[in-house]
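Work through the exercises below with the sequence and the model at hand. Each task is followed by a solution in steps.

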Amino acid sequence: RTKWIRALCDAAPEAPRLQSAPDSTGNQSILHSAQLQGWLSKRAVHYQGEHWRPRWFAIADSTIYWFSGYYQVKGSLTLTAGTRVRDLGPRPNSFAISTPEMERAGLYLGLQATDTERKQKWVTEIMAVCSQGTIDPAIKPHLPLPMR
């Protein structure tokens with residue numbers, strides 16, 4: 001994980017940061033003010049290969065947070081203008097989120113919902129948060145475009 005964060009920092013030194021485990025103050029307010037929250041599986045790549053782990057996610061303001069344990073923020077990603085959401089096949093109901101800075105570094109946040117309806121709900125909310133984002137044409141037929 002450290003290499004992944006370092007690669008992002010090197011690719012875009014002034015970019016919004018993918019943060020890991022901020023202090024616990026305010027974590028409850030994140031959940032109380034979240035526009036959307038629920039379970040998603042998060043993709044992690046380790047030296048042994050790919051691994052998907054269920055995490056509680058919340059979107060508050062312009063940031064998506066994931067939690068590990070009770071009110072413990074594991075990480076976050078600031079959603080910026082130009083954020084892209086694309087299908088992440090072949091896993092069903094999976095999608096990838098990448099900011100322009102992440103794209104330049106070849107990185108993305110891989111997520112999987114339990115069903116198509118939940119996937120659409122999450123993608124729609126992410127795109128509403130960063131209204132200038134683009135949806136990959138591969139998943140466009142399944143998702144409404146954000147209001148401009």
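**Exercise 1.** In what order do the elements of the protein chain run from the N terminus on?

Solution. The model is a predicted one. Start at the N terminus and list the elements: the order is α-β-α-β-β-β-β-β-β-α-β-α-β. Then check the count, which is four helices and nine strands.

**Exercise 2.** Find the largest nonpolar core and state which elements give two or more residues to it.

Solution. The largest nonpolar core holds 21 residues. Those with the most contacts inside it are Ile 64, Leu 77, Phe 95, Ile 97, Leu 111, Trp 122 and Ile 126. Next, assign elements: two or more residues come from each of strands E2 (36–46), E3 (49–60), E4 (63–67), E7 (94–98) and E8 (109–112), and from helix H4 (116–129). The largest share, four residues, is that of H4. Another core, of eight residues, lies apart from this one and includes Ala 58, Ala 60, Tyr 65 and Val 73.

**Exercise 3.** Leaving aside neighbours within four places in sequence, list the residues in contact with Phe 95.

Solution. Going up the numbering, Phe 95 is in contact with Leu 40, then with Val 85, Arg 86, Asp 87 and Leu 88. Further along come Leu 109, Gly 110 and Leu 111, followed by Lys 119, Trp 122, Val 123 and Ile 126. One of these contacts, Arg 86, also lies over the face of Tyr 108, at 4.7 Å from the ring centre.

**Exercise 4.** How many aromatic pairs are there, and is the pair of Trp 39 and Trp 56 stacked, tilted or edge-to-face?

Solution. The count is three aromatic pairs. For Trp 39 and Trp 56 the ring centres are 5.4 Å apart and the planes stand at 85 degrees; the cut-off for edge-to-face is over 60, so the pair is edge-to-face. Trp 39 belongs to strand E2 and Trp 56 to strand E3, 17 residues apart, and the pair thus links distant parts of the chain. Trp 39 has 52% relative accessibility and counts as exposed, while Trp 56, at 27%, counts as partly exposed.

**Exercise 5.** Classify the pair of Phe 57 and Trp 66, and state whether these residues are buried or exposed.

Solution. The centres are 5.9 Å apart and the planes at 40 degrees, so the pair is tilted. Both Phe 57 and Trp 66 are buried. Ring pairs join Phe 57, Trp 66 and Trp 122 into a cluster.

Key. Residues are numbered from 1 along each chain as its sequence is written. This is a predicted model: local features need pLDDT of at least 70, side-chain atom pairs count only at pLDDT 80 or more; totals for chains, interfaces and linings use all residues. Side-chain values use heavy atoms; hydrogens and water are left out. A nonpolar core is a set of buried Ala, Val, Leu, Ile, Met, Phe, Trp, Tyr and Cys residues joined through side-chain atoms within 4.5 Å. Buried means under 20% relative accessible area, exposed over 50%, partly exposed in between (1.4 Å probe, protein chains only). Contact means heavy atoms within 4.5 Å. Rings of Phe, Tyr and Trp (its six-membered ring) pair if their centres lie within 6.5 Å; planes under 30 degrees apart count as stacked, over 60 as edge-to-face and the rest as tilted. A charge sits over a ring if NZ of Lys or CZ of Arg is within 6 Å of the ring centre and within 35 degrees of the ring normal.
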